[in-house]
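The following report describes one helix and the nonpolar cores of a protein model. Please consult the sequence and the structure shown here while reading.

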Amino acid sequence: MAGFREIIGQEKIVEHFRNAIRYDKISHAYILNGEQGMGKKMIAEAFAMTVQCENGADEPCMSCHSCKQAMSGNNPDIRWVKHEKDRKSTRLNSSHITIS
């Protein structure tokens, strides 16, 4: 997992997420849509990690317990849900990332 600093070419969306965190205006849901390889998962990982970081800044510290758990894929507050490969769509009521 990487922080927002490692994301290149997505400055507008990164700034949106950083501002949401800075000003405590995080929405209940975000949809990241685009072509494969555009960085959707990387942005989602950075956002989830930053929100869960114990440092409380707009960038994950990478050293607190929560960040270490996220980097190892073992943070119980970050869950990844993928759509079924054989389906062209995903039911909205069954796909979400829970950040608590």
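Asp24, which follows helix H1, has a positive phi, near 55 degrees. The model is a predicted one, in which local features need pLDDT of at least 70 and side-chain atom pairs count only at pLDDT 80 or more, whereas totals for chains, interfaces and linings use all residues. Residues are numbered from 1 along each chain as its sequence is written, and side-chain values use heavy atoms, with hydrogens and water left out.

Helices are DSSP runs of H or I with at least four residues, numbered from the N terminus. H1 covers residues 11-22; because its 12 residues at 1.5 Å each should span 16 Å, the 16 Å between its end C-alpha atoms agrees with expectation. The expected span is 1.5 Å times one less than the number of residues.

The table sorts residues of H1 by burial, where buried means under 20% relative accessible area and exposed over 50% (1.4 Å probe, protein chains only).

| State | Residues of H1 |
|---|---|
| Buried (under 20%) | Val14, Phe17, Arg18, Ala20, Ile21 |
| Exposed (over 50%) | Glu11, Lys12 |

The buried residues of H1 fall within an arc of 160 degrees seen down the axis, so they line one face of the helix. They pack against helix H2 (40-52).

The largest nonpolar core (buried nonpolar residues joined through side-chain atoms within 4.5 Å) has eight residues: Phe4, Ile7, Val14, Phe17, Ile21, Ile43, Ala46 and Phe47. H1 and H2 are the elements that give two or more residues to this core. Apart from it lies another core, of seven residues, including Met49 and Cys64.

Methods: Arc of directions from axis to C-beta. Contact = heavy atoms within 4.5 Å.
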